[in-house]
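Welcome! Please take a look at the sequence and the structure below, and then read on for a short tour of some backbone details.

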Amino acid sequence: MRWRWRSPFTGSPKKPQAAERARLDAAITALGIALDEHPFRPGQDGTTAAMRRDLLDALDAYDRAKRRAADDDPRGAREAVEDGRHALAVLDARLAGQRPPDRMPECFFDPVHGRATTRVRWAPEGGRERLVAVCATDAARLAEISGPRASGKDEAYGDERRRPVTLPDARGPYVLRVVAVSPARFIVSRDPGRGGQTYRVHGGGGPAGALLPLPAGRGGTEVWVEAAADDGAAGTDWAATAHTLDEVAAHDPMTLGHGDGLVRHDGPAGPAVFAHRGPGRFELLALNGRLVRWATAASGTGDQDVSFSLPGPGWYQVRARGSWTLTLTDG
């Protein structure tokens, strides 16, 4: 089945609930993609009645989620998405010959992340610690931030928000993986005495994380990274590490993000849609093999869906302040 694009950001952006509705629609869309791409087929060898029932339960939940959303019943739609994700998790366990997992809700920080995989202790800025169910990605981000050398505040370089990150060598290119406990601004520079490139990193209400490009040929074996809370507060707990380009996952058929980021496209040139929700200007920049910008693939301002032609395989940098999706289409 070919994926046909439908913007996950439906509804009027002027309504107070527009942001929540956009996130809900994105979660429904993500469930639909998971169903469309799932490898299980009812007629394959080893299929059991329980497996077929799991698949039917997931399909029914997807249809129910769409109906509840259309009826302006967000709570019912969220519950249906949880039902669908759980049914797929049970199906995956049966296919792997494992015990079906316990029921887990959608990721606490963003339902678009899918089904939670574990529970961790977390506290909002200035709030009380509590146990929340999170997806594997957010659990890893929180673990990395709380681990050794995780906090920029713990580094003794005179400025509690800044520290160096060592690169494998001076050649490159590399990518910088940054995580923070809340939305943050990162300034990346090769020279600690000069200004650098500023990036905004968001996480859809939870831990923020992104991959940022470190172009080749800039010299030196370290970069300096400075971080601060995006709301202007003095600082935030954060971590930054340099990696090879293998760290960037391939994009197909839809990638969701918040703020700045990096995407790898392995397929051919073709039609696509970049959907953005939030204030300010956004850009999708085509990068060459050295991670240097060579073209602007798409751009716009504010709440906008931009149809464009993806130039082809390669690296693409997102510069944005809001939430976004990059989706391949059939034209």
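How far apart are the end C-alpha atoms of α3, and what should its 22 residues span at 1.5 Å a residue? The model you see is predicted. In it, the end C-alpha atoms of α3 are 32 Å apart. That agrees with expectation, because 22 residues at 1.5 Å a residue should span 32 Å. After α3 comes Gly97, which has a positive phi near 70 degrees.

Now for some backbone angles. Most residues other than glycine have a negative phi. Against that background, two residues deserve a look: Asp72 is not a glycine, yet its phi is positive, and Leu291, not a glycine either, also has a positive phi.

| Residue | Phi | Relative accessible area |
|---|---|---|
| Asp72 | about 60 degrees | 62% |
| Leu291 | about 65 degrees | 3% |

Where do these two sit? Asp72 lies in the loop that links α2 (49-70) to α3 (74-95), while Leu291 belongs to the loop between β13 (281-287) and β14 (293-301). Is each of them buried or exposed? Asp72 is exposed, because its relative accessible area of 62% is over the 50% cut-off. Leu291 counts as buried, because its 3% is under 20%.

One more stop concerns a peptide bond. Most peptide bonds are trans. Gly172 and Pro173, however, are joined by a cis peptide bond, with omega about 0 degrees. Pro173 is placed in the loop between β3 (162-166) and β4 (174-180).

Note on methods:
Residues numbered from 1 in each chain as written. Predicted model: local features only at pLDDT ≥ 70, side-chain atom pairs only at ≥ 80, totals over all residues. Heavy atoms only, no water. Helix = DSSP H or I, 4+ residues; strand = E, 2+ residues; numbered from the N terminus. Buried < 20%, exposed > 50% of the residue type's maximum accessible area, 1.4 Å probe, protein only. Expected span 1.5 Å × (residues − 1).
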